[in-house]
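Please open the model in your viewer with the sequence panel beside it, and keep a selection tool ready. The stops below are meant to be taken in order, one selection at a time.

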Amino acid sequence: LGMRDFEQKTTLTSVGVGSAIPGVLMFEREPGIVLPARKKLFLGSLFTRIPTDFNAIDYVKVTQDVTKASPQTETLAKLENTLNFTTAVANVRTIATFIRASKQLLQDFKGLTAFIDASLGYAVKLEEEEQLLIGDNSGDNLNGLLTQASAFNTALLVANDGWEYADQIGRTIQQIEVANEIDASFVVLPPAIWWSIRLQKN
């Protein structure tokens, strides 16, 4: 037997996921920073946005609309309507946040700058969505949809029919239409209720 038959062999094994071997294997790193899981925000996109340079917007709204008219018989008095208006003020609110970071850090790490911008923008939109939905109109809070909403008339639900969530939504839209309000154009639901409706089976 020759000496080469007795040469020592070294078996290379993985050091660990993401580990480097100095002088042999280098790290493989995805560029940038992976965003954490964040829920989809949509409520703000349902409203018309009009820029303003003022801190308050005055507007006129109708408090009593025209409601009466009838076929007219000659010589008889016509029905008289009354229109009443009032002025109101909508204060412009500011939603903001910030994070401390040195100028040198942001210049040296462009990916970090993009991540911070995206994160702060998400925080503002998240607060905006909550304000649009449940803002209580106190202090610097917006006047949210739920704050201004009329209570649902539970008498519209018939217990004997075994009503489901979809029935409640339908009866809510019925209540809006009977009150001669603007037609409902969207419905805001918790995910659990939305998926209960989608997965309902006969």
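What follows is a tour of a predicted model, stop by stop, with a note on what to select and what is found there.

**Salt bridges**

Begin with the charged side chains: how many salt bridges does a search of the whole structure find? The search finds two.

For one of them, select E128 and R49, whose side chains meet in a salt bridge at 3.0 Å from N to O. Because E128 belongs to helix α2 while R49 sits in the segment before β1, this pair ties together parts that are 79 residues apart in sequence. With the surface switched on, compare the two partners: E128 has a relative accessible area of 18% and is therefore buried, the limit being under 20%, whereas R49, at 53% relative accessibility, counts as exposed.

Next select D140 and R93, whose side chains also meet in a salt bridge, here with an N to O distance of 3.8 Å. D140 is placed in the loop between α2 and α3 (145–148), and R93 in the loop between β2 (84–91) and α1 (103–108), so that parts 47 residues apart in sequence are tied together by the pair. D140 is exposed at 63% relative accessibility, and R93 is partly exposed at 24%.

**Along helix α2**

Now colour helix α2, which covers residues 110–134, and pick out T113 within it. Is T113 buried, exposed or partly exposed? Its relative accessible area is 22%, which makes T113 partly exposed. Add G32 to the selection and draw a distance between the C-alpha atoms: T113 and G32 are 81 residues apart along the chain, and these atoms are separated by 9.8 Å.

**An aromatic pair**

Turn to the aromatic rings, where the count comes to one aromatic pair. Select F47 and F186, which form this pair in an edge-to-face arrangement, with 6.2 Å from centre to centre and 75° between the planes; the angle qualifies because edge-to-face requires planes over 60 degrees apart. F47 lies in the segment before β1 (56–64) and F186 in the loop between α4 and α5 (191–198), so the pair ties together parts that are 139 residues apart in sequence. On accessibility, F47 is partly exposed at 33%, and F186 is partly exposed with a relative accessible area of 30%.

**Helix α4 and what comes after it**

Select helix α4, residues 165–178, and draw a distance between its end C-alpha atoms, which are 20 Å apart. Why does this value agree with expectation? At 1.5 Å a residue, the 14 residues of the helix should span 20 Å, so the computed separation matches the expected one.

Move just past α4 to N180, which takes a positive phi of about 60° although N180 is not a glycine. The residue is found in the loop between α4 and α5, and N180 is exposed, with a relative accessible area of 70%.

**A last backbone stop**

Finish at T75, in the loop between β1 and β2. Phi of T75 is near 80°, a positive value in a residue other than glycine, and T75 is exposed, with a relative accessible area of 76%.

Technical notes: Residues are numbered from 1 along each chain as its sequence is written. Side-chain values use heavy atoms; hydrogens and water are left out. Helices (H or I, at least four residues) and strands (E, at least two) are DSSP runs, numbered from the N terminus. Buried means under 20% relative accessible area, exposed over 50%, partly exposed in between (1.4 Å probe, protein chains only). The expected span of a helix is 1.5 Å times one less than its number of residues. Rings of Phe, Tyr and Trp (its six-membered ring) pair if their centres lie within 6.5 Å; planes under 30 degrees apart count as stacked, over 60 as edge-to-face and the rest as tilted. A salt bridge is a side-chain nitrogen of Lys or Arg within 4 Å of a carboxyl oxygen of Asp or Glu.
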